[in-house]
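Got your viewer open? Load the model and take this tour one selection at a time.

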Amino acid sequence: MPVQVYLAPGTTDMRKSINGLSMLVAEQFELDPFSGHLFCFCNRRRDIVKILLWDRNGFCLWHKRLEKDRFQWPQSELEVMSISGQSLSWLLDGLSIEQVDAHERLMFDTV
């Protein structure tokens with residue numbers, strides 16, 4: 001099963017750790033924190049991201065704090081967003097998740 005990446009809408013209190021974040025995933029987002037998917041959270045200043053992951057026998061919590069600049073976290077506060085792994089990589093690199101491919105994708109039927 002491919003791993004999904006979910007972004008929590010709006011801002012999250014970064015004092016929350018594994019228990020608090022997993023409760024947000026289960027209760028507010030109505031998703032399974034034990035699914036093995038990545039659940040991403042950002043603070044109000046948009047300089048901290050936490051990513052929660054269940055890995056077979058325990059939770060992992062990845063934390064990144066920017067010393068300068070801000071993450072381009074989506075402003076939507078309506079619902080959890082599902083994004084691609086590539087979009088997560090862009091976000092962590094300081095880019096928008098709405099990047100367009102540098103080259104147009106070509107589709108051919110024959111060689």
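Before you click on anything, here is a cut-off to keep in mind: a residue counts as buried under 20% relative accessible area, as exposed over 50%, and as partly exposed in between. Remember, too, that what you are looking at is a predicted model.

**Stop 1: the whole chain.** Show the cartoon and trace it from the start. You should pass two helices and five strands, in the order β-α-β-β-β-β-α. The C-alpha atoms fill a box of roughly 55 × 35 × 25 Å along the principal axes. Of the 111 residues, 37% are buried. Among contacts with a separation of 6 or more, 53% join residues 24 or more positions apart. Switch on the surface and you are looking at about 7900 Å² of accessible area, with 49% of that belonging to carbon and sulfur atoms. If you colour by charge, there are 12 positive and 15 negative charges, and their mean positions are 11 Å apart.

**Stop 2: helix α1.** Select residues 18-28, which make up α1. Which of its residues are buried? They are L21, S22, L24 and V25. Look down the helix axis: these buried residues fall within an arc of 150 degrees, so they line one face of the helix. The general rule behind this kind of pattern is that an α-helix has 3.6 residues a turn, so residues three or four places apart point the same way. Now turn to the face away from the buried side, where you will find the exposed residues N19, E27 and Q28. To see what covers the buried residues, add β2 (38-42), β3 (48-54) and β4 (59-65), which are among the covering parts. Just past the helix, click on E30, where phi is positive, near 55 degrees.

**Stop 3: the aromatic rings.** Show Phe, Tyr and Trp side chains as sticks. A pair of aromatic rings is described by the distance of the centres and the angle of the planes. How many aromatic pairs are there? The count comes to five. Start with F29 and F41: their ring centres are 6.3 Å apart and the planes sit at 25 degrees, so this pair is stacked. F29 belongs to the loop between α1 and β2 while F41 is in strand β2, so the pair ties together parts twelve residues apart in sequence. Both F29 and F41 are buried.

Next, select W54 and F59. This pair is edge-to-face, with 4.9 Å from centre to centre and 75 degrees between the planes. Are these two buried or partly exposed? W54 has a relative accessible area of 23%, so W54 is partly exposed, and F59, at 22%, counts as partly exposed as well. Add F34 to the selection and you have one aromatic cluster made of F34, W54 and F59.

**Stop 4: T11.** Go back to the loop between β1 (5-7) and α1, where T11 lies. At 38% relative accessibility, T11 is partly exposed. Draw a distance from its C-alpha to that of N43: the two are 5.0 Å apart in space, though 32 residues apart in sequence. Leaving out residues up to four places away in sequence, T11 touches C42, N43 and R44.

**Stop 5: S96.** Finish in the segment after α2 (85-92), where you can pick S96. S96 has a relative accessible area of 18%, so S96 is buried. Apart from neighbours within four places in sequence, S96 is in contact with Q72 and W90.

Note on methods
Residues are numbered from 1 along each chain as its sequence is written. This is a predicted model: local features need pLDDT of at least 70, side-chain atom pairs count only at pLDDT 80 or more; totals for chains, interfaces and linings use all residues. Side-chain values use heavy atoms; hydrogens and water are left out. Helices (H or I, at least four residues) and strands (E, at least two) are DSSP runs, numbered from the N terminus. Buried means under 20% relative accessible area, exposed over 50%, partly exposed in between (1.4 Å probe, protein chains only). Contact means heavy atoms within 4.5 Å. Accessible areas come from the Shrake-Rupley method with a 1.4 Å probe; for residues, only the protein chains shown count as cover. Lys and Arg count as positive and Asp and Glu as negative; His and the chain ends are not counted. The place of a charge is taken as NZ of Lys, CZ of Arg, CG of Asp or CD of Glu. The arc is that of the directions from the helix axis to the C-beta atoms. Rings of Phe, Tyr and Trp (its six-membered ring) pair if their centres lie within 6.5 Å; planes under 30 degrees apart count as stacked, over 60 as edge-to-face and the rest as tilted.
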